[in-house]
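Work through these exercises with the structure open beside you. Try each task before you read its solution.

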Amino acid sequence: MESFERFSEYKIMWIFVFFDLPTETAIQRKEASLFRKRLLEDGFTMLQFSIYIRHTPSRENMEVHEKRVKKFLPVEGKVTILHITDKQFGDIHTYQGVKREQSAQTAVQLELF
C-alpha cells in the first residue's frame, strides 16, 4: 500500500509581500517596477497594487521564496512579508465596491436680461 502525505490546510502556506516604494524620480520608478516584475517572475500574483501573494505547498517552500524576495529588495522603501496558513487564508473576507459612473454634468444656462 502506497503512503502519501495528505495536503493539510495547516501545512500549505501563503506568503504576502506588502510594499511602499518611493516613485518620485525615474530611477525610483524603475526600481519599483523591477521589484514588481521580479515578484511576478517568482510566481507571485498581484492582490492589490502594492500587495502580492504566493501559494506554497509547505513552510519550507515558503521560506525559499522569502529568501528570494530578500535578495532583490529595493534599496529604498518599505517591504513587509507575512506568512499565513491555507486555513487562515480561507478566512479572508474581501469586499469590492461597484464603480459608479459619473453622471453627466448639467449645462449651465445663461440668463440674459
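Buried means under 20% relative accessible area, exposed means over 50%, and partly exposed lies in between. Keep in mind that this is a predicted model.

**Exercise 1. Classify Asn 61: buried, partly exposed or exposed? Then find its contacts.**

Step 1. Place the residue. Asn 61 lies in helix α2.

Step 2. Read its relative accessible area, which is 26%. Partly exposed lies between under 20% and over 50%. Asn 61 is therefore partly exposed.

Step 3. Look for contacts, leaving aside neighbours within four places in sequence. Asn 61 is in contact with Arg 54 and Thr 56.

Step 4. Compare sequence and space. Asn 61 and Ile 12 are 49 residues apart in sequence, and their C-alpha atoms are 9.5 Å apart.

**Exercise 2. Do the same for Glu 66: is it buried or exposed?**

Step 1. Glu 66 is also placed in helix α2, which covers residues 59-71.

Step 2. Its relative accessible area is 15%. The cut-off for buried is under 20%, so Glu 66 is buried.

Step 3. Not counting residues up to four places away in sequence, Glu 66 touches Ile 15, Ile 81 and His 83.

**Exercise 3. Check the span of helix α1 and describe its two sides.**

Step 1. Count the residues. Helix α1 runs over residues 26-41 and has 16 of them.

Step 2. Work out the expected span. The rule is 1.5 Å times one less than the number of residues. For helix α1 that should be 22 Å.

Step 3. Compare with the model. The end C-alpha atoms of α1 are 22 Å apart, so the two values agree.

Step 4. List the buried residues of α1. They are Gln 28, Ala 32, Phe 35, Arg 36 and Leu 39. These cover an arc of only 95° around the axis, so they sit on the same side of α1.

Step 5. Turn to the other side of α1. There Ala 26, Ile 27, Lys 30 and Glu 41 are exposed.

Step 6. Find the packing partners. The buried residues of α1 pack against β1 (13-20), β3 (51-56), α2 and β4 (78-85).

Step 7. Look past the helix. Gly 43 follows α1, and its phi is positive, near 95°.

**Exercise 4. Which residues touch the most other members of the largest nonpolar core?**

Step 1. Recall the background. Nonpolar side chains tend to be buried together in soluble globular proteins.

Step 2. Pick out the best-connected members. The core has 13 residues, and Val 17, Phe 19, Phe 35, Leu 39, Phe 44 and Val 69 touch the most other members.

Step 3. Trace where the core comes from. β1, α1 and α2 each supply at least two of its residues. β1 gives the most, with 4 residues.

Step 4. Zoom in on Phe 44. Beyond its neighbours within four places in sequence, its contacts include Ile 15, Val 17, Leu 39 and Val 69.

Step 5. Find the second core. This separate core has 5 residues, including Trp 14, Phe 16, Ile 53 and Ile 84.

**Exercise 5. Where is Phe 89 found, and what is it in contact with?**

Step 1. Phe 89 is found in helix α3, residues 86-90.

Step 2. Its relative accessibility is 24%, so Phe 89 counts as partly exposed.

Step 3. Leaving aside neighbours within four places in sequence, Phe 89 is in contact with Trp 14, Phe 16, Ile 53 and Ile 84.

Step 4. Look at the rings. Trp 14, Phe 16, Phe 18 and Phe 89 form one aromatic cluster.

Note on methods
Residues numbered from 1 in each chain as written. Predicted model: local features only at pLDDT ≥ 70, side-chain atom pairs only at ≥ 80, totals over all residues. Heavy atoms only, no water. Buried < 20%, exposed > 50% of the residue type's maximum accessible area, 1.4 Å probe, protein only. Contact = heavy atoms within 4.5 Å. Arc of directions from axis to C-beta. Phe/Tyr/Trp six-rings, centres within 6.5 Å; stacked < 30°, edge-to-face > 60°. Core = buried A, V, L, I, M, F, W, Y, C linked by side-chain atoms within 4.5 Å.
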